[in-house]
Amino acid sequence: MPAASPVVKPKYPKHGELRPALVERVDRYFAETGKSRSGGFRLFAKAVVMLTWFWGSYAAMVLAPNLAWASLAAISVGLALAGIGFSVMHDGGHGASSRHTWINRVAARGLDMIGGSSLLWHFKHNIIHHQFPNVEGIDDDIAAEPWLRMGNHTEHRWFHRGQHLYFPLAYSFLSGKWLVFDDFRSMLSGRMGQLEAPKMSKLQAAEILAWKTLTFGWAFVLPTVLHSWVFALVTFAIWSAVSGFVMAIVFQLAHCVEEADFTAAPAKGERLPQTWARRQLDTTIDFAPNNPFLTWYLGGLNFQIEHHLFPLVSHVHYPALRPLIKEVCDAHGAPHVTRSFFGALGSHLRHLYRMGHPEPQQPAAPAQPEPLQKLAA
Ligand SMILES: [Zn+2]
């Protein structure tokens, strides 16, 4: 059966007063403080810590005397891998690590080093997710069918009634599936979710394959040579499950919660119901902003509102920008929602439960009999 035609990207209504007011306030902050919008030395130091953590854990894993010790090291590999994604490649992929393009490119390549394609991620994350958060049928980050139902406009299946219980298992497969399946599917199909992916050159395709070969080398070949294929598979299962779960839950606590809006992709020619800035605020929350460890490890992704409104600003500035942005939102009657970590987790669980137990469709009301006097007339 031929694949359905790709969906056309929806359009937004024209910007209202909110976006210019936000931009003016953030511009004023950087003008007054004289700070650069990029990450600077703090980000460089963080990248060194994350990379040392990752390769140190990997060395401990492959040089471990037995599978039990290697399994412990694999947990550390998974946590470090997610940390590189949050704190190194994410800023680089947005062009926020540095004023120098080549430094951003190097930082973005951190994703290729740990198994995902930075080229395909750019389209999936910067073009689709950031432009159209929680638009069902467009935002690939909430497309978890058939396993999970994230929004009201996604088909409900009987097993979704248990998704608030089995979601950790589904999240644990995210990283491994991405590494060994998703990028290849996008390359072969030319699609990212329901959208047409940009055409890639032969050189770009060769570059993706070269990085994937390198990843398969450190993930499977070297552990098999030093130990056995069972060792390689078990350690891969552990580190990919840890990194997949951590990456998924961080995303979900910001976007897949009770407070977030989910919208069906509008029909061709129709626009989304809100302006771009308002959509970011309607679909995103901050969590645990006062937790310094989470703020450091998550690369500021617990400040997703600030990130979605200003993705070109490095995450090291989000804690300072948050109260300024909230002030503008309050003045314009726009939401700026913050939860504690456990508050956001509870909200995510309730959202999963609600999506798994949709309200039964109300039967259509029976037609009212026509008034007698009208019939008599
Ligand atoms: Zn982002």
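Start at Val77. Leaving aside neighbours within four places in sequence, Val77 is in contact with Phe54, Ser57, Tyr58, Met61 and Trp239. This valine belongs to the largest nonpolar core, which has 77 residues. Within that core, Val77, Leu81 and Ile84 touch the most other members. A second core stands separate from it and has seven residues, including Ile128, Met192, Leu195 and Ala265.

**The whole chain**

This is a predicted model. The protein chain contains 16 helices and six strands. Its radius of gyration is 23 Å, close to the 21 Å that the globule rule gives for 377 residues, so the chain is as compact as a globular protein of that length. The C-alpha trace spans about 95 × 55 × 45 Å along its principal axes. Of the 377 residues, 42% are buried. Now take the contacts between residues at least 6 apart in sequence: 71% of them join residues at least 24 apart.

**How confident is the prediction?**

The average pLDDT of the protein chain is 89. A score of at least 70 is reached by 94% of the residues. Which elements have the lowest and the highest mean pLDDT? Helix α16 (residues 372-376) has the lowest, at 43. Helix α14 (residues 318-331) has the highest, at 97. Over residues 370-377, pLDDT stays under 50. The model has one contact beyond four places in sequence for that stretch. Where pLDDT is low, the predicted coordinates should not be read in detail.

**Helix α9**

Helix α9 covers residues 202-226, which is 25 residues. How far should it span? At 1.5 Å a residue, the expected span is 36 Å. The expected span counts one less than the number of residues. The end C-alpha atoms of α9 are 34 Å apart, which agrees. The helix also bends, by about 40° at Gly217. Ile208, Trp211, Ala219 and Pro223 are buried in α9. What do the buried residues of α9 pack against? Their partners are α2 (40-62), α5 (110-113), α6 (118-129), α8 (174-189) and α10 (229-255).

**Ala254 and Leu301**

One of those partners, α10, holds Ala254. Is Ala254 buried or exposed? It counts as buried, because 26 C-beta neighbours lie inside 10 Å and the cut-off is 20 or more. Beyond four places in sequence, Ala254 touches Thr284, Ile285, Phe287, Leu301 and Gln304. Ala254 and Asp286 are 32 residues apart in sequence, with 6.2 Å from C-alpha to C-alpha.

Leu301 sits in the loop between α12 and α13 (304-309). Leu301 is buried too, with 23 other C-beta atoms within 10 Å. Setting aside neighbours within four places in sequence, Leu301 is in contact with Phe86, Val250, Ala254 and His307. Leu301 and Leu253 lie 48 residues apart in sequence, and their C-alpha atoms are 9.9 Å apart.

**Buried residues in loops**

Three further loop residues are worth a look. The table gives the place of each one and its count of C-beta neighbours.

| Residue | Loop | C-beta neighbours inside 10 Å |
|---|---|---|
| Asn134 | between α6 and β1 | 21 |
| Ala288 | between β5 (286-287) and α12 (292-297) | 21 |
| Ala334 | between α14 and β6 (338-339) | 21 |

Asn134 counts as buried. So does Ala288. Ala334 is buried as well.

Ala334 touches Leu18, Arg278, Leu281 and Cys329, not counting residues up to four places away in sequence. Lys177 is 157 residues from Ala334 along the chain, and their C-alpha atoms are separated by 37 Å.

**Backbone details**

What is the sign of phi at Asn134? Phi is positive there, at about 60°, although Asn134 is not a glycine. Ala288 also has a positive phi, near 45°, and is a residue other than glycine.

Where is the cis peptide bond? It joins Glu145 and Pro146, with omega about 0°. Pro146 is in the loop between β1 (135-136) and α7 (163-172).

How values were computed
Residues numbered from 1 in each chain as written. Predicted model: local features only at pLDDT ≥ 70, side-chain atom pairs only at ≥ 80, totals over all residues. Helix = DSSP H or I, 4+ residues; strand = E, 2+ residues; numbered from the N terminus. Bend = angle between axes of the 7 residues up to and from the residue. Buried ≥ 20, exposed ≤ 12 C-beta atoms within 10 Å, placed from the backbone. Contact = placed C-beta atoms within 7 Å. Rg over C-alpha atoms; globule rule 2.2 N^0.38 Å. Core = buried A, V, L, I, M, F, W, Y, C linked by C-beta atoms within 7 Å. pLDDT = per-residue confidence, 0-100.
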